[in-house]
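Biologist: I have a fresh model on my screen, and I would like to know what stands behind the words people use for it. Could you take me through the reasoning?

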Amino acid sequence: MKIYIKTYGCQMNERDSEAFAGMLVKAGHTMVSSEEEADVLLFNTCSVREQAERKAIGKIGYMRKLKNRRPDLIIGATGCMAQRLGNRLLEELPHLDFVLGTGQLHTLVPLVESIRADRRQVASILESEAVLTGMGSHFRPAADPGNWHAQIAITRGCNRFCSYCIVPYVRGREISRERSDIVAEAKELVASGAREIMLLGQNVAAYGLGGNINPPPPGHSPFAELLEELDRIPELLRIRFTSPYPTYFNDRLIGAIAASRTVCHNIHLPLQSGSDRVLREMNRQYTRDSYLGVVDAIRSAMPDVTFSTDVIVGFPGETDEDFEQTREVMNRVGFDNSFIFKYSPRPGAKSAERVDSVPREVKEERNRILLEDLRARVEKTLKQQLGTTVEVLVEGVSPRNPERWCGRTGTNRLIHFEPVDGLQPGMLRQVRITRAGSVSLFGELI
Ligand code: SF4
(Lines give C-alpha, C1' and ligand atoms only; values in the text may rest on other atoms or scores of the structure.)
Protein backbone atom coordinates (compact mmCIF):
# COMPACT_ATOMS: atom_id res chain seq x y z
CA MET A 1 0.00 0.00 0.00
CA LYS A 2 1.04 3.61 -0.55
CA ILE A 3 0.88 5.67 2.63
CA TYR A 4 0.78 9.45 3.13
CA ILE A 5 1.35 10.88 6.63
CA LYS A 6 0.44 14.44 7.64
CA THR A 7 1.94 15.53 10.97
CA TYR A 8 0.63 18.29 13.26
CA GLY A 9 2.13 19.64 16.48
CA CYS A 10 5.38 19.02 18.27
CA GLN A 11 8.69 17.32 17.48
CA MET A 12 7.53 14.25 19.39
CA ASN A 13 4.80 13.83 16.76
CA GLU A 14 7.39 14.28 14.00
CA ARG A 15 9.48 11.55 15.60
CA ASP A 16 6.42 9.28 15.85
CA SER A 17 5.67 9.88 12.17
CA GLU A 18 9.25 8.89 11.32
CA ALA A 19 8.76 5.73 13.36
CA PHE A 20 5.45 5.00 11.55
CA ALA A 21 7.24 5.39 8.21
CA GLY A 22 9.99 3.04 9.41
CA MET A 23 7.47 0.37 10.50
CA LEU A 24 5.41 0.67 7.31
CA VAL A 25 8.41 0.46 4.95
CA LYS A 26 9.75 -2.52 6.88
CA ALA A 27 6.38 -4.24 6.37
CA GLY A 28 6.66 -3.71 2.58
CA HIS A 29 4.57 -0.55 2.15
CA THR A 30 5.68 2.65 0.38
CA MET A 31 5.62 6.23 1.66
CA VAL A 32 4.30 8.86 -0.78
CA SER A 33 4.32 12.63 -0.62
CA SER A 34 0.81 13.50 -1.82
CA GLU A 35 -2.70 12.62 -0.71
CA GLU A 36 -3.80 11.87 -4.31
CA GLU A 37 -1.40 8.98 -4.85
CA ALA A 38 -1.98 7.35 -1.42
CA ASP A 39 -4.04 4.26 -0.49
CA VAL A 40 -3.85 5.23 3.19
CA LEU A 41 -3.93 8.75 4.68
CA LEU A 42 -2.71 9.00 8.26
CA PHE A 43 -3.19 12.23 10.25
CA ASN A 44 -0.88 12.44 13.27
CA THR A 45 -2.74 15.04 15.33
CA CYS A 46 -2.06 17.43 18.19
CA SER A 47 -4.33 18.43 21.05
CA VAL A 48 -2.21 20.95 22.90
CA ARG A 49 -4.09 23.96 21.49
CA GLU A 50 -7.63 24.35 20.30
CA GLN A 51 -6.43 25.74 16.99
CA ALA A 52 -4.30 22.63 16.30
CA GLU A 53 -7.37 20.40 16.79
CA ARG A 54 -9.52 22.60 14.58
CA LYS A 55 -6.94 22.48 11.81
CA ALA A 56 -6.70 18.68 11.85
CA ILE A 57 -10.48 18.15 12.04
CA GLY A 58 -10.93 20.61 9.14
CA LYS A 59 -8.36 18.79 7.04
CA ILE A 60 -9.75 15.29 7.76
CA GLY A 61 -13.27 16.61 7.04
CA TYR A 62 -12.07 17.93 3.68
CA MET A 63 -10.77 14.44 2.78
CA ARG A 64 -14.38 13.24 2.54
CA LYS A 65 -14.46 14.42 -1.11
CA LEU A 66 -11.43 12.29 -1.94
CA LYS A 67 -13.01 9.29 -0.20
CA ASN A 68 -16.27 9.78 -2.17
CA ARG A 69 -14.25 9.55 -5.36
CA ARG A 70 -12.12 6.62 -4.10
CA PRO A 71 -14.12 4.52 -1.59
CA ASP A 72 -11.15 2.14 -1.08
CA LEU A 73 -9.09 4.91 0.46
CA ILE A 74 -8.29 4.24 4.15
CA ILE A 75 -8.19 7.33 6.39
CA GLY A 76 -6.88 7.23 9.97
CA ALA A 77 -6.11 9.63 12.80
CA THR A 78 -3.54 9.14 15.53
CA GLY A 79 -1.71 11.32 18.08
CA CYS A 80 -3.05 13.32 21.01
CA MET A 81 -6.36 14.45 19.49
CA ALA A 82 -7.18 10.88 18.44
CA GLN A 83 -6.43 9.75 22.01
CA ARG A 84 -8.56 12.55 23.52
CA LEU A 85 -11.61 12.20 21.27
CA GLY A 86 -11.49 8.45 20.42
CA ASN A 87 -14.89 7.18 19.26
CA ARG A 88 -16.30 10.71 19.20
CA LEU A 89 -13.99 11.46 16.29
CA LEU A 90 -15.33 8.45 14.35
CA GLU A 91 -18.89 9.64 14.99
CA GLU A 92 -18.11 13.21 13.95
CA LEU A 93 -16.21 12.12 10.82
CA PRO A 94 -17.95 8.97 9.52
CA HIS A 95 -15.57 8.68 6.54
CA LEU A 96 -12.68 8.14 9.01
CA ASP A 97 -11.70 4.43 9.15
CA PHE A 98 -9.69 4.36 12.36
CA VAL A 99 -8.39 6.26 15.36
CA LEU A 100 -5.20 5.01 16.97
CA GLY A 101 -4.43 6.19 20.51
CA THR A 102 -1.03 7.24 21.82
CA GLY A 103 -0.67 4.01 23.81
CA GLN A 104 -1.11 1.89 20.65
CA LEU A 105 1.24 3.47 18.12
CA HIS A 106 3.25 0.29 17.66
CA THR A 107 0.13 -1.53 16.38
CA LEU A 108 -0.32 0.71 13.31
CA VAL A 109 0.78 -1.82 10.66
CA PRO A 110 -1.50 -4.76 11.68
CA LEU A 111 -4.35 -2.30 12.25
CA VAL A 112 -4.12 -0.81 8.74
CA GLU A 113 -3.72 -4.24 7.16
CA SER A 114 -6.76 -5.60 9.03
CA ILE A 115 -8.88 -2.63 7.90
CA ARG A 116 -7.89 -3.25 4.29
CA ALA A 117 -8.98 -6.90 4.58
CA ASP A 118 -12.13 -6.32 6.59
CA ARG A 119 -13.54 -2.80 6.03
CA ARG A 120 -14.88 -1.46 9.34
CA GLN A 121 -14.41 1.54 11.60
CA VAL A 122 -11.94 0.89 14.44
CA ALA A 123 -11.03 2.87 17.55
CA SER A 124 -7.87 1.50 19.12
CA ILE A 125 -7.39 3.55 22.27
CA LEU A 126 -5.59 2.25 25.33
CA GLU A 127 -3.70 3.70 28.26
CA SER A 128 -0.60 1.54 27.90
CA GLU A 129 2.86 1.82 29.34
CA ALA A 130 4.14 -0.80 26.89
CA VAL A 131 4.23 1.78 24.12
CA LEU A 132 7.79 2.94 24.70
CA THR A 133 9.33 -0.48 24.35
CA GLY A 134 7.20 -0.95 21.25
CA MET A 135 8.43 2.27 19.64
CA GLY A 136 12.02 1.98 20.72
CA SER A 137 13.33 -0.29 18.05
CA HIS A 138 11.69 1.36 15.05
CA PHE A 139 14.25 3.55 13.33
CA ARG A 140 14.21 5.56 10.16
CA PRO A 141 13.82 3.27 7.16
CA ALA A 142 17.21 3.47 5.44
CA ALA A 143 20.52 5.31 5.50
CA ASP A 144 20.02 8.71 3.89
CA PRO A 145 23.24 10.62 3.16
CA GLY A 146 21.38 13.94 3.49
CA ASN A 147 20.08 12.94 6.88
CA TRP A 148 22.52 14.88 9.06
CA HIS A 149 19.90 15.55 11.76
CA ALA A 150 17.97 12.86 13.64
CA GLN A 151 15.58 12.77 16.59
CA ILE A 152 15.35 10.22 19.36
CA ALA A 153 12.49 10.00 21.86
CA ILE A 154 13.99 9.28 25.29
CA THR A 155 10.94 9.80 27.51
CA ARG A 156 7.25 9.77 26.89
CA GLY A 157 4.30 11.12 28.83
CA CYS A 158 4.47 13.48 31.78
CA ASN A 159 3.74 13.34 35.51
CA ARG A 160 3.74 17.05 36.24
CA PHE A 161 0.11 18.02 35.55
CA CYS A 162 0.61 21.72 34.86
CA SER A 163 -2.92 23.03 35.19
CA TYR A 164 -3.26 24.26 31.58
CA CYS A 165 -1.80 21.16 29.94
CA ILE A 166 -3.49 18.11 28.50
CA VAL A 167 -0.33 16.10 27.81
CA PRO A 168 -0.46 13.89 30.96
CA TYR A 169 -4.02 12.90 30.02
CA VAL A 170 -3.36 12.11 26.35
CA ARG A 171 0.24 10.86 26.49
CA GLY A 172 -0.03 9.07 29.80
CA ARG A 173 2.43 8.76 32.69
CA GLU A 174 6.10 9.47 32.22
CA ILE A 175 8.29 6.57 31.08
CA SER A 176 12.00 6.58 30.28
CA ARG A 177 13.56 4.30 27.70
CA GLU A 178 16.46 2.03 28.60
CA ARG A 179 19.75 3.87 28.25
CA SER A 180 21.29 1.02 26.24
CA ASP A 181 18.37 1.15 23.78
CA ILE A 182 18.81 4.92 23.24
CA VAL A 183 22.58 4.62 22.79
CA ALA A 184 22.13 1.76 20.29
CA GLU A 185 19.65 3.88 18.32
CA ALA A 186 22.05 6.85 18.36
CA LYS A 187 24.95 4.70 17.11
CA GLU A 188 22.80 3.34 14.30
CA LEU A 189 21.72 6.84 13.27
CA VAL A 190 25.31 8.13 13.34
CA ALA A 191 26.46 5.15 11.28
CA SER A 192 23.82 6.08 8.69
CA GLY A 193 25.03 9.69 8.47
CA ALA A 194 23.46 11.63 11.36
CA ARG A 195 25.79 14.23 12.88
CA GLU A 196 23.31 16.03 15.13
CA ILE A 197 20.81 14.29 17.39
CA MET A 198 17.86 15.94 19.08
CA LEU A 199 16.72 14.12 22.22
CA LEU A 200 12.98 14.45 22.72
CA GLY A 201 10.57 14.09 25.58
CA GLN A 202 7.89 16.05 27.39
CA ASN A 203 10.39 16.43 30.20
CA VAL A 204 13.79 15.14 29.06
CA ALA A 205 15.72 16.28 32.12
CA ALA A 206 13.59 13.95 34.29
CA TYR A 207 15.01 11.03 32.28
CA GLY A 208 15.65 7.96 34.41
CA LEU A 209 14.12 9.33 37.61
CA GLY A 210 11.27 6.81 37.58
CA GLY A 211 8.58 9.47 37.22
CA ASN A 212 9.49 11.20 40.47
CA ILE A 213 8.46 14.84 40.21
CA ASN A 214 10.80 16.01 42.96
CA PRO A 215 14.06 17.49 41.70
CA PRO A 216 16.96 15.02 41.96
CA PRO A 217 19.41 15.55 44.85
CA PRO A 218 22.69 17.37 44.14
CA GLY A 219 25.18 15.18 42.31
CA HIS A 220 22.51 12.93 40.79
CA SER A 221 21.16 13.15 37.22
CA PRO A 222 20.53 10.08 35.04
CA PHE A 223 19.99 12.50 32.14
CA ALA A 224 23.57 13.77 32.62
CA GLU A 225 24.81 10.15 32.53
CA LEU A 226 22.93 9.57 29.25
CA LEU A 227 24.45 12.74 27.73
CA GLU A 228 27.92 11.60 28.79
CA GLU A 229 27.48 8.22 27.14
CA LEU A 230 26.19 9.75 23.90
CA ASP A 231 29.07 12.26 23.97
CA ARG A 232 31.46 9.32 23.54
CA ILE A 233 30.06 8.35 20.09
CA PRO A 234 33.02 9.46 17.93
CA GLU A 235 31.32 10.83 14.80
CA LEU A 236 28.44 12.48 16.59
CA LEU A 237 29.05 16.24 16.47
CA ARG A 238 26.09 17.76 18.27
CA ILE A 239 23.40 16.88 20.78
CA ARG A 240 20.37 19.06 21.43
CA PHE A 241 17.39 18.31 23.66
CA THR A 242 13.89 19.58 24.27
CA SER A 243 12.03 20.24 26.57
CA PRO A 244 13.45 20.20 30.08
CA TYR A 245 11.49 21.34 33.13
CA PRO A 246 13.62 23.95 34.94
CA THR A 247 13.84 22.32 38.37
CA TYR A 248 15.87 19.33 37.11
CA PHE A 249 18.92 21.45 36.30
CA ASN A 250 21.20 20.64 39.21
CA ASP A 251 25.02 20.87 39.54
CA ARG A 252 25.47 17.40 38.02
CA LEU A 253 23.49 18.14 34.86
CA ILE A 254 24.90 21.63 34.33
CA GLY A 255 28.44 20.31 34.87
CA ALA A 256 27.91 17.49 32.36
CA ILE A 257 26.63 19.87 29.68
CA ALA A 258 29.47 22.34 30.27
CA ALA A 259 32.11 19.57 30.05
CA SER A 260 30.57 17.87 27.04
CA ARG A 261 32.13 17.87 23.57
CA THR A 262 28.78 17.67 21.78
CA VAL A 263 25.93 19.12 23.85
CA CYS A 264 24.95 22.49 22.40
CA HIS A 265 25.07 25.62 24.53
CA ASN A 266 21.49 26.48 23.70
CA ILE A 267 18.94 25.60 26.34
CA HIS A 268 15.20 25.67 25.90
CA LEU A 269 13.93 26.50 29.38
CA PRO A 270 10.12 26.84 29.54
CA LEU A 271 9.19 29.84 31.71
CA GLN A 272 5.40 30.05 31.09
CA SER A 273 5.02 33.07 33.40
CA GLY A 274 7.23 35.43 35.37
CA SER A 275 4.60 35.95 38.09
CA ASP A 276 4.83 33.71 41.17
CA ARG A 277 1.08 33.91 41.65
CA VAL A 278 0.37 32.73 38.08
CA LEU A 279 3.10 30.06 38.28
CA ARG A 280 1.37 28.67 41.39
CA GLU A 281 -1.97 28.59 39.60
CA MET A 282 -0.33 26.88 36.65
CA ASN A 283 1.03 24.27 39.11
CA ARG A 284 4.57 25.05 37.95
CA GLN A 285 6.84 24.08 40.83
CA TYR A 286 9.32 26.93 40.70
CA THR A 287 9.26 30.64 41.41
CA ARG A 288 10.53 33.56 39.40
CA ASP A 289 13.65 33.68 41.58
CA SER A 290 14.39 29.96 41.45
CA TYR A 291 13.97 30.04 37.66
CA LEU A 292 16.43 32.94 37.43
CA GLY A 293 18.76 31.00 39.76
CA VAL A 294 18.84 28.12 37.22
CA VAL A 295 19.56 30.59 34.40
CA ASP A 296 22.41 32.14 36.40
CA ALA A 297 23.93 28.74 37.27
CA ILE A 298 23.85 27.63 33.62
CA ARG A 299 25.27 30.95 32.47
CA SER A 300 28.11 30.92 34.95
CA ALA A 301 29.13 27.41 33.77
CA MET A 302 28.70 28.35 30.07
CA PRO A 303 29.03 32.09 29.46
CA ASP A 304 28.24 31.72 25.72
CA VAL A 305 24.91 29.92 26.35
CA THR A 306 21.72 31.12 24.66
CA PHE A 307 18.21 30.44 25.92
CA SER A 308 14.80 30.00 24.36
CA THR A 309 11.51 29.58 26.16
CA ASP A 310 7.72 29.01 26.12
CA VAL A 311 5.39 31.60 27.59
CA ILE A 312 1.62 31.71 27.96
CA VAL A 313 -0.13 35.09 27.92
CA GLY A 314 -3.69 35.57 29.20
CA PHE A 315 -3.81 32.67 31.69
CA PRO A 316 -7.09 33.03 33.69
CA GLY A 317 -6.74 35.94 36.11
CA GLU A 318 -3.44 37.22 34.64
CA THR A 319 -3.30 40.92 35.54
CA ASP A 320 -1.29 43.70 33.88
CA GLU A 321 1.13 43.42 36.79
CA ASP A 322 1.55 39.65 36.30
CA PHE A 323 2.19 40.26 32.63
CA GLU A 324 4.78 42.96 33.38
CA GLN A 325 6.61 40.48 35.62
CA THR A 326 6.74 38.00 32.74
CA ARG A 327 8.04 40.71 30.44
CA GLU A 328 10.67 41.71 32.98
CA VAL A 329 11.96 38.12 33.39
CA MET A 330 12.07 37.67 29.62
CA ASN A 331 14.10 40.82 29.13
CA ARG A 332 16.37 39.95 32.01
CA VAL A 333 17.18 36.46 30.68
CA GLY A 334 17.44 37.87 27.14
CA PHE A 335 15.91 34.88 25.34
CA ASP A 336 17.07 34.43 21.76
CA ASN A 337 13.77 32.84 20.87
CA SER A 338 10.38 32.48 22.55
CA PHE A 339 7.28 30.53 21.68
CA ILE A 340 4.48 32.74 22.95
CA PHE A 341 1.05 31.20 23.26
CA LYS A 342 -2.25 32.95 23.87
CA TYR A 343 -4.02 30.91 26.53
CA SER A 344 -6.87 28.68 25.37
CA PRO A 345 -8.59 26.25 27.74
CA ARG A 346 -8.13 22.58 26.89
CA PRO A 347 -11.07 20.39 27.90
CA GLY A 348 -9.88 17.94 30.54
CA ALA A 349 -7.06 20.12 31.87
CA LYS A 350 -7.54 21.62 35.36
CA SER A 351 -7.45 25.29 34.30
CA ALA A 352 -10.35 24.67 31.88
CA GLU A 353 -12.61 24.65 34.97
CA ARG A 354 -11.81 28.35 35.42
CA VAL A 355 -13.34 31.23 33.50
CA ASP A 356 -11.12 32.20 30.56
CA SER A 357 -11.19 35.72 31.96
CA VAL A 358 -8.60 37.64 29.93
CA PRO A 359 -10.25 39.15 26.83
CA ARG A 360 -8.96 38.11 23.43
CA GLU A 361 -7.78 41.66 22.58
CA VAL A 362 -5.73 41.77 25.80
CA LYS A 363 -4.08 38.42 24.96
CA GLU A 364 -3.36 39.73 21.45
CA GLU A 365 -1.80 42.91 22.84
CA ARG A 366 0.38 41.04 25.37
CA ASN A 367 1.47 38.66 22.63
CA ARG A 368 2.33 41.63 20.39
CA ILE A 369 4.37 43.34 23.13
CA LEU A 370 6.45 40.22 23.85
CA LEU A 371 7.06 39.62 20.15
CA GLU A 372 8.18 43.23 19.70
CA ASP A 373 10.55 42.93 22.71
CA LEU A 374 11.93 39.71 21.20
CA ARG A 375 12.40 41.26 17.76
CA ALA A 376 14.31 44.25 19.18
CA ARG A 377 16.43 42.05 21.44
CA VAL A 378 17.36 39.61 18.66
CA GLU A 379 18.27 42.43 16.28
CA LYS A 380 20.60 43.90 18.88
CA THR A 381 22.19 40.53 19.76
CA LEU A 382 22.79 39.65 16.12
CA LYS A 383 24.53 42.98 15.49
CA GLN A 384 26.91 42.17 18.35
CA GLN A 385 28.08 39.11 16.38
CA LEU A 386 29.49 41.19 13.48
CA GLY A 387 33.19 40.49 12.85
CA THR A 388 33.28 37.35 15.03
CA THR A 389 34.18 33.86 13.78
CA VAL A 390 31.85 31.03 14.69
CA GLU A 391 31.62 27.30 14.10
CA VAL A 392 28.54 26.12 12.19
CA LEU A 393 27.14 22.72 11.41
CA VAL A 394 26.33 22.95 7.68
CA GLU A 395 22.64 22.24 7.00
CA GLY A 396 22.54 22.60 3.18
CA VAL A 397 20.95 24.96 0.66
CA SER A 398 19.18 27.89 2.31
CA PRO A 399 15.39 27.44 2.04
CA ARG A 400 15.05 31.16 1.25
CA ASN A 401 17.79 31.59 -1.37
CA PRO A 402 18.95 28.62 -3.46
CA GLU A 403 22.28 30.37 -4.19
CA ARG A 404 23.27 30.37 -0.54
CA TRP A 405 23.81 27.64 2.00
CA CYS A 406 23.11 27.85 5.70
CA GLY A 407 24.25 26.34 8.95
CA ARG A 408 23.69 26.79 12.66
CA THR A 409 25.96 27.58 15.56
CA GLY A 410 25.85 25.46 18.71
CA THR A 411 24.03 28.43 20.25
CA ASN A 412 21.34 27.93 17.55
CA ARG A 413 22.02 30.99 15.42
CA LEU A 414 21.27 30.58 11.73
CA ILE A 415 24.06 31.76 9.39
CA HIS A 416 23.87 32.07 5.59
CA PHE A 417 26.99 31.90 3.38
CA GLU A 418 28.19 31.27 -0.20
CA PRO A 419 28.91 27.56 -0.74
CA VAL A 420 32.29 26.21 -1.89
CA ASP A 421 33.19 23.01 -3.74
CA GLY A 422 33.07 19.89 -1.59
CA LEU A 423 30.75 21.37 1.04
CA GLN A 424 28.35 18.77 2.46
CA PRO A 425 25.49 18.94 4.97
CA GLY A 426 26.68 17.70 8.36
CA MET A 427 30.19 19.24 8.14
CA LEU A 428 31.51 21.57 10.82
CA ARG A 429 32.97 24.78 9.30
CA GLN A 430 34.23 28.15 10.54
CA VAL A 431 32.37 31.23 9.31
CA ARG A 432 33.24 34.92 9.74
CA ILE A 433 30.14 37.06 10.31
CA THR A 434 29.89 39.93 7.85
CA ARG A 435 26.26 41.06 8.05
CA ALA A 436 23.41 40.89 10.54
CA GLY A 437 19.79 40.51 9.37
CA SER A 438 16.70 40.78 11.57
CA VAL A 439 16.52 37.06 12.39
CA SER A 440 19.70 35.53 10.99
CA LEU A 441 23.34 36.26 10.16
CA PHE A 442 25.41 36.28 6.96
CA GLY A 443 29.06 35.38 6.66
CA GLU A 444 31.97 33.91 4.71
CA LEU A 445 33.36 30.41 5.05
CA ILE A 446 36.96 30.41 6.24
S1 SF4 B 1 5.71 19.65 32.20
FE2 SF4 B 1 3.67 20.60 32.31
S3 SF4 B 1 3.47 21.66 30.32
FE4 SF4 B 1 5.13 20.16 30.09
S5 SF4 B 1 4.10 18.32 29.25
FE6 SF4 B 1 4.19 18.11 31.52
S7 SF4 B 1 2.19 18.89 32.22
FE8 SF4 B 1 2.48 19.63 30.11
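Modeller: Happily; what follows goes through helix pairs, sheets, the ligand shell and two backbone details of a predicted model.

Biologist: Let's start with helices H9 and H10. Why are H9 and H10 called roughly parallel?

Modeller: The axes of H9 (residues 179-191) and H10 (residues 222-231) cross at roughly 30° and come within 10 Å. Angles under 35 degrees count as roughly parallel, and H9 and H10 are therefore given that name. As for handedness, H9 passes H10 in a right-handed crossing.

Biologist: Which residues in H9 and H10 meet?

Modeller: From H9 come Arg-179, Ile-182, Val-183 and Ala-186, and they meet Leu-226, Glu-229 and Leu-230 in H10. Sorted by class, this contact of H9 with H10 has five nonpolar and two charged residues, with no polar ones.

Biologist: What makes H10 roughly parallel to H11?

Modeller: H10 and H11 pack at an angle of about 15°, their axes 8 Å apart. With 35 degrees as the limit, that angle makes H10 roughly parallel to H11. The crossing of H10 and H11 is left-handed. On the H10 side, the contact is made by Phe-223, Ala-224, Leu-227 and Glu-228, and on the H11 side by Arg-252, Leu-253, Ala-256 and Ile-257. By class, six residues are nonpolar, two are charged and none is polar.

Biologist: And H11 with H13, why are H11 and H13 described as roughly parallel?

Modeller: The axes of H11 (residues 251-259) and H13 (residues 288-301) cross at roughly 30° and come within 9 Å. Under 35 degrees is what the term asks for, and H11 and H13 are therefore roughly parallel to each other. This crossing is right-handed. Ile-254, Gly-255 and Ala-258 of H11 make the contact with Ala-297, Ile-298 and Ala-301 of H13. The contact of H11 with H13 has five nonpolar residues, one polar and no charged.

Biologist: On to the sheets. Why do S7 and S11 count as edge strands?

Modeller: Three strands form an open sheet in the order S7-S10-S11, with parallel pairing. S7 (149-153) and S11 (238-242) each have a single partner strand, so one side of each is left without a neighbour in the sheet. From one strand to the next, the twist averages 25°.

Biologist: How do you know that S7 and S10 pair?

Modeller: Pairing takes at least two bridges, and five bridges join S7 to S10 (residues 196-200), the two strands running parallel. For a place to look, Ala-150 stands opposite Ile-197 in S10.

Biologist: What is the direction of H9 against S7?

Modeller: H9 packs on the sheet, touching S7 and S10, and its direction makes about 165° with that of S7. Helix H1 (residues 11-26) lies across S7, S10 and S11 and runs at about 100° to S7.

Biologist: What makes S12 and S14 the edges of the other sheet?

Modeller: That open sheet has three strands in the order S12-S13-S14, and its pairing is parallel. S12 (266-268) and S14 (337-342) have a single partner strand each, so one side of each lacks a neighbour in the sheet. Here the twist averages 15° from one strand to the next. Three bridges join S12 to S13 (residues 306-313), against the two that pairing needs. In S13, Thr-306 is the bridge partner of Asn-266. Helix H15 (residues 360-383) packs on the sheet, where it touches S13 and S14, and its direction makes about 175° with that of S14.

Biologist: Which residues surround the ligand?

Modeller: The ligand is surrounded by Cys-158, Arg-160, Phe-161, Cys-162, Cys-165, Val-167, Pro-168, Gln-202, Asn-203 and Tyr-245. By class, that shell has seven nonpolar, two polar and one charged residues.

Biologist: What is the phi of Phe-161?

Modeller: Phi of Phe-161 is near 55°, a positive value in a residue other than glycine. Phe-161 sits in the loop between S8 (155-156) and H8 (167-170).

Biologist: Last one: is the peptide bond from Thr-242 to Ser-243 cis or trans?

Modeller: The bond from Thr-242 to Ser-243 is cis, with omega near -5°. You will find Ser-243 in the loop between S11 and H11.

Terms used:
Residues are numbered from 1 along each chain as its sequence is written. This is a predicted model: local features need pLDDT of at least 70, side-chain atom pairs count only at pLDDT 80 or more; totals for chains, interfaces and linings use all residues. Axes are lines fitted to C-alpha atoms, for helices over the stretch in contact, and angles run from 0 to 180 degrees between N-to-C directions. Helices (H or I, at least four residues) and strands (E, at least two) are DSSP runs, numbered from the N terminus. Angles under 35 degrees count as roughly parallel, over 145 as roughly antiparallel, 65 to 115 as roughly perpendicular and the rest as oblique. A crossing is left-handed if the near helix is turned anticlockwise from the far one by less than a right angle, and right-handed if clockwise. Two residues are in contact if their C-beta atoms, placed from the backbone, lie within 7 Å. Ala, Val, Leu, Ile, Met, Phe, Trp, Tyr, Cys and Pro count as nonpolar, Asp, Glu, Lys and Arg as charged, and the others, Gly among them, as polar. A residue is near a molecule or strand if its C-beta atom, placed from the backbone, lies within 6 Å of it.
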